[in-house]
Each structure stands twice: as C-alpha cells, then as structure tokens.
Amino acid sequence: MSQDSTAVPEAARKLSGRRRREIVAVLLFSGGPIFESSIPLSVFGIDRQDAGVPRYRLLVCAGEDGPLRTTGGLELTAPYGLEAMSRAGTVVVPAWRSITSPPPPEALDALRRAHEEGARIVGLCTGAFVLAAAGLLDGRPATTHWMYAPTLAKRYPSVHVDPRELFVDDGDVLTSAGTAAGIDLCLHIVRTDHGTEAAGALARRLVVPPRRSGGQERYLDRSLPEEIGADPLAEVVAWALEHLHEQFDVETLAARAYMSRRTFDRRFRSLTGSAPLQWLITQRVLQAQRLLETSDYSVDEVAGRCGFRSPVALRGHFRRQLGSSPAAYRAAYRARRPQSEIQSVPSGAGQAQDPVPQQARRAAAASMPAGPAATSSTAQDPGKPSSDVYTPGRPTLPGQRERPVG
C-alpha cells in the first residue's frame with residue numbers, strides 16, 4: 001500500500017448526527033451512461049430482504065438542473081436534489097459524462113461536505129474524475145477504467161492511479177474500474193456492511209460472481225490516449241511499439257523526437273501522465289502477456305521478442321505488474337480458455353508470423369499511472385524495485401486493493 005495516503009481509517013471517522021449509514025445517495029448528472037448509473041440503483045434500491053439482503057434506503061439525487069439525459073437520449077427526473085445528500089452515509093457517483101469537462105461546483109461542494117461529515121464516498125468508473133475534482137483522491141490510491149487511467153493520472157498527479165485493480169477500497173473513499181467493476185465494488189460494500197452471506201445472496205439474485213478474480217490487466221489495450229493522438233510524439237510511440245522486439249532505451253526515443261532526455265521526459269509525462277521508462281516497461285510486459293496467451297514460445301524466447309535483456313528481467317517486471325510469473329500466467333490463462341481458442345504459434349516461427357497484429361503495434365498505450373520518473377537501472381535490474389515508482393501490494397481479495405493500516 002502507499003505509505004503517504006492521507007485517508008483516515010473508517011473506524012475512526014464518525015458520521016454526523018443527521019447522516020445514516022443505511023441511506024445511500026446516488027448522484028446523477030446529465031449525459032451519464034445508463035448502465036453505470038443503474039448499478040447502484042439496482043444494488044441499493046431494491047428490497048431483497050426475503051433473500052437475506054439487508055435493506056438500504058436509496059436517495060437518487062440530481063447533481064445539476066434537470067431533466068437529466070442519459071446516453072441514448074433517455075430523460076430522467078431525479079426525485080431529490082443535492083440537499084438530500086445531507087442524510088446519506090454513503091454517496092455514490094456513477095460514471096461522469098466527460099473526462100474533459102469539469103463537474104458542477106455545487107456538486108463538488110456537496111461531496112466535500114459529505115466527506116467531512118463522515119460519509120463514505122464511492123466513484124464508479126469515470127466517477128473517479130468527479131471525486132478527484134473535489135480533491136477527495138489527493139494522496140490516495142484509486143482506480144478507474146484502464147482506458148482513462150492515464151488521463152486521470154495526468155490531470156491529478158497527486159492521485160496514485162492504479163489501472164490494474166477492479167476496485168480500490170481506501171476506507172472512506174472507494175473507486176472502481178469500468179462498467180461491470182461497479183458491480184464488484186457495490187457487492188464489496190454490501191459485504192463490508194453486512195457480511196459474506198448477505199453479499200453472496202445479493203450476487204445470486206444478480207446472477208454474478210460474489211467475487212471476481214484478477215484485475216483489469218487482462219483487458220488492457222494499446223489504444224492511444226486522446227491527449228497524445230494528434231501530437232508529434234505519437235509517431236515516436238508508434239515506432240517504439242513497432243520495435244519492442246529490439247533493445248532500446250528512453251534515450252533512443254528522445255533522440256528520435258529530437259529532444260534532450262529531460263525535455264522528452266517532461267513532454268511525455270505531460271501528455272500521458274506516465275514516465276517514459278515505466279511506460280516502455282509496461283508495453284514490453286503487455287507484449288509478453290499477449291505472446292504467452294497466443295504462442296508456444298518459451299519464456300526465454302518471449303523475453304527476447306519483447307526487448308528484455310534477459311528472462312530474469314522479464315520475470316521481475318512481469319511479476320511486479322501482473323502479480324505472477326510468466327509461466328504461471330500462461331498456465332492460468334490456458335486453464336480458463338478452451339484449447340480450441342488458443343492459436344498457438346510454433347516456437348520456430350519467424351518475426352513475420354508474430355501473433356500480435358501490426359495494427360495493434362501501431363497503437364500507443366499509456367496505461368501506467370503517473371509517478372516520479374524512474375531511472376534506467378530499473379529496466380536492467382528487476383530484482384531492485386525503484387522507490388520512485390508507485391508499486392502497490394497485491395490485494396487480499398481478488399480484484400481488490402486492500403485498505404491502509406492505521
């Protein structure tokens with residue numbers, strides 16, 4: 001866990017007299033996606049006491065003047081306004097309508113006030129951007145949809161963004177990854193409040209697993225973050241992905257961009273929210289992940305095809321990013337997938353038969369969170385983690401970041 005989290009443990013934080021833990025306020029805005037918005041409404045707004053699920057009282061609050069239009073053009077009328085949040089012990093913000101638009105100041109003030117009065121604040125998917133805009137994620141670990149994690153890290157550098165987790169519980173502030181991960185987090189809240197049996201009963205009603213294993217890493221893609229897509233650095237990033245099988249460093253990328261290393265680092269971080277060395281290591285690990293899934297190359301061969309200087313380097317970085325060894329990851333992946341779905345590539349195949357499509361190679365990803373720039377020694381010595389890079393511990397529950405101690 002991050003040692004500089006400023007969160008106060010939930011046990012030490014008391015609700016103000018007018019707030020009740022069983023009252024859940026869901027804050028809706030115009031332009032929000034209906035799926036994410038409906039998750040807390042379904043989990044906390046339906047009486048399932050006959051199935052052994054304790055009842056919550058739901059308050060659906062408009063975060064701005066209505067009518068509220070969802071994706072698809074549906075119009076919603078929330079029965080409550082921001083003033084109703086003053087009674088809630090839990091406030092949920094589903095996905096925000098646009099990661100480039102600032103949330104309404106009145107809603108941010110209401111969230112800050114709720115947090116100051118002891119309420120638990122929850123952000124689902126891009127709802128994390130609203131929490132960050134309110135300053136509630138400063139100095140804390142958080143997650144969001146992997147596609148928007150670089151933007152969150154860039155825009156709010158004091159937030160420790162981890163795109164690998166399905167959800168992060170930091171005590172009185174919780175965040176989840178995209179779409180279905182909102183269900184995971186809401187089930188976790190029920191489990192925290194009322195125990196495993198209640199959460200299991202609710203999961204059965206929803207026909208979902210009570211706990212999902214793994215995190216977002218299996219879903220990470222190479223798509224360009226919108227901030228870098230039209231920038232000249234995109235050409236350098238595309239070249240790097242085309243040549244991951246070669247051994248090159250950040251100095252090589254800086255030279256191709258006609259910049260000094262310092263200027264390149266600063267420019268790259270401003271566009272992606274990530275240090276270029278950490279980004280490069282992440283891309284090599286993602287490449288290795290795909291080769292382990294789709295080919296029969298040995299781990300040594302995979303290391304060479306991903307630009308690692310040795311299999312030891314691959315194993316170290318792979319374990320730190322994905323939480324397992326390359327061999328264990330391949331075994332677990334194949335155990336989950338029917339053999340007919342795995343298109344193996346013979347180990348003697350040439351580079352032209354590489355299973356990773358060229359189109360995917362040309363896309364650039366900036367999937368790691370922002371953090372102080374890593375040093376080049378990190379790539380060469382995987383047995384010596386850099387203290388400059390935020391490297392969270394593994395969760396105690398599948399898909400969950402554990403809460404801080406003390």
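A residue counts as buried when its relative accessible area is under 20%. Ala119 has a relative accessibility of 0%, so Ala119 is buried. This residue belongs to a predicted model. Ala119 sits in the loop between H2 and E6. Its surroundings include parts of the chain far away in sequence. The C-alpha atoms of Ala119 and Lys14 are 8.4 Å apart, although 105 residues separate the two along the chain. With neighbours within four places in sequence left aside, Ala119 contacts Leu15, Arg19, Ala88, Gly89, Ala114 and Asp172.

The whole chain comes next. The chain has 406 residues, and 54% of them count as buried. Its secondary structure consists of 15 helices and 11 strands. Among contacts with a separation of 6 or more, 72% join residues 24 or more positions apart. The accessible surface of the chain amounts to about 17100 Å². Carbon and sulfur atoms account for 52% of that surface.

Arg120 follows Ala119 and is found in strand E6, which covers residues 120–123. Is Arg120 buried or exposed? Its relative accessibility is 3%, so Arg120 counts as buried. The side chain of Arg120 makes a polar contact of 2.9 Å with the side chain of Asp193. Val24 lies 96 residues from Arg120 along the chain, and their C-alpha atoms are separated by 9.4 Å.

Nonpolar cores were examined next. The largest nonpolar core holds 36 residues. Within this core, Leu27, Met85, Val91, Leu111, Ile121 and Leu137 touch the most other members. Several elements each supply at least two residues of this core. They are strand E1 (20–28), E2, strand E5 (88–93), helix H2 (105–116), helix H3 (127–133) and helix H4 (149–155). Leu27 shows the contacts of one such member. Residues up to four places away in sequence are not counted here. Leu27 touches Cys61, Ala62, Gly63, Leu82, Met85, Val92, Val93, Pro94, Ala107 and Leu111. Another core, of 35 residues, lies apart from the largest one. Among the members of this other core are Leu233, Val236, Ala257 and Ala313.

Two helices illustrate burial at the level of whole elements. Helix H7 spans residues 233–242. Nine of the 10 residues of H7 are buried, so this helix is largely enclosed by the rest of the structure. The buried residues of H7 are Leu233, Ala234, Val236, Val237, Ala238, Trp239, Ala240, Leu241 and Glu242. Helix H10 is mostly covered, with 18 of its 19 residues buried. From its first C-alpha to its last, H10 reaches 27 Å. This is close to the 27 Å expected at 1.5 Å a residue.

Charged side chains form 14 salt bridges. Arg18, Arg19 and Glu117 are linked in a network of such bridges. Three further pairs are described here one by one.

Arg55 and Asp47 meet through their side chains in a salt bridge, at 3.5 Å from N to O. How accessible are these two residues? Arg55 has a relative accessible area of 53%, so it counts as exposed. Asp47 has a relative accessibility of 37% and is therefore partly exposed.

In the second pair, the side chains of Asp50 and Arg205 form a salt bridge of 2.9 Å, N to O. This pair links distant parts of the chain, 155 residues apart. Asp50 is in the loop between helix H1 (34–45) and strand E2 (57–62), while Arg205 is in helix H6 (residues 196–206). At a relative accessible area of 63%, Asp50 is exposed. Arg205, at 41%, is partly exposed.

The third pair joins Asp296 and Arg334. Their closest N and O atoms are 3.1 Å apart in a salt bridge. Here too the pair links distant parts of the chain, with the two positions 38 residues apart. Asp296 is in the loop between helix H10 (276–294) and helix H11 (299–305). Arg334 is in helix H13 (residues 326–336). Asp296 has a relative accessibility of 37%, so it is partly exposed. Arg334 has a relative accessible area of 22% and is also partly exposed.

How values were computed. Residues are numbered from 1 along each chain as its sequence is written. This is a predicted model: local features need pLDDT of at least 70, side-chain atom pairs count only at pLDDT 80 or more; totals for chains, interfaces and linings use all residues. Side-chain values use heavy atoms; hydrogens and water are left out. Helices (H or I, at least four residues) and strands (E, at least two) are DSSP runs, numbered from the N terminus. Buried means under 20% relative accessible area, exposed over 50%, partly exposed in between (1.4 Å probe, protein chains only). Contact means heavy atoms within 4.5 Å. Accessible areas come from the Shrake-Rupley method with a 1.4 Å probe; for residues, only the protein chains shown count as cover. A polar contact is a pair of N or O atoms within 3.5 Å; within protein, one must be able to donate a hydrogen and the other to accept it, and residues adjacent in sequence count only if both atoms are side-chain atoms. A salt bridge is a side-chain nitrogen of Lys or Arg within 4 Å of a carboxyl oxygen of Asp or Glu. The expected span of a helix is 1.5 Å times one less than its number of residues. A nonpolar core is a set of buried Ala, Val, Leu, Ile, Met, Phe, Trp, Tyr and Cys residues joined through side-chain atoms within 4.5 Å.
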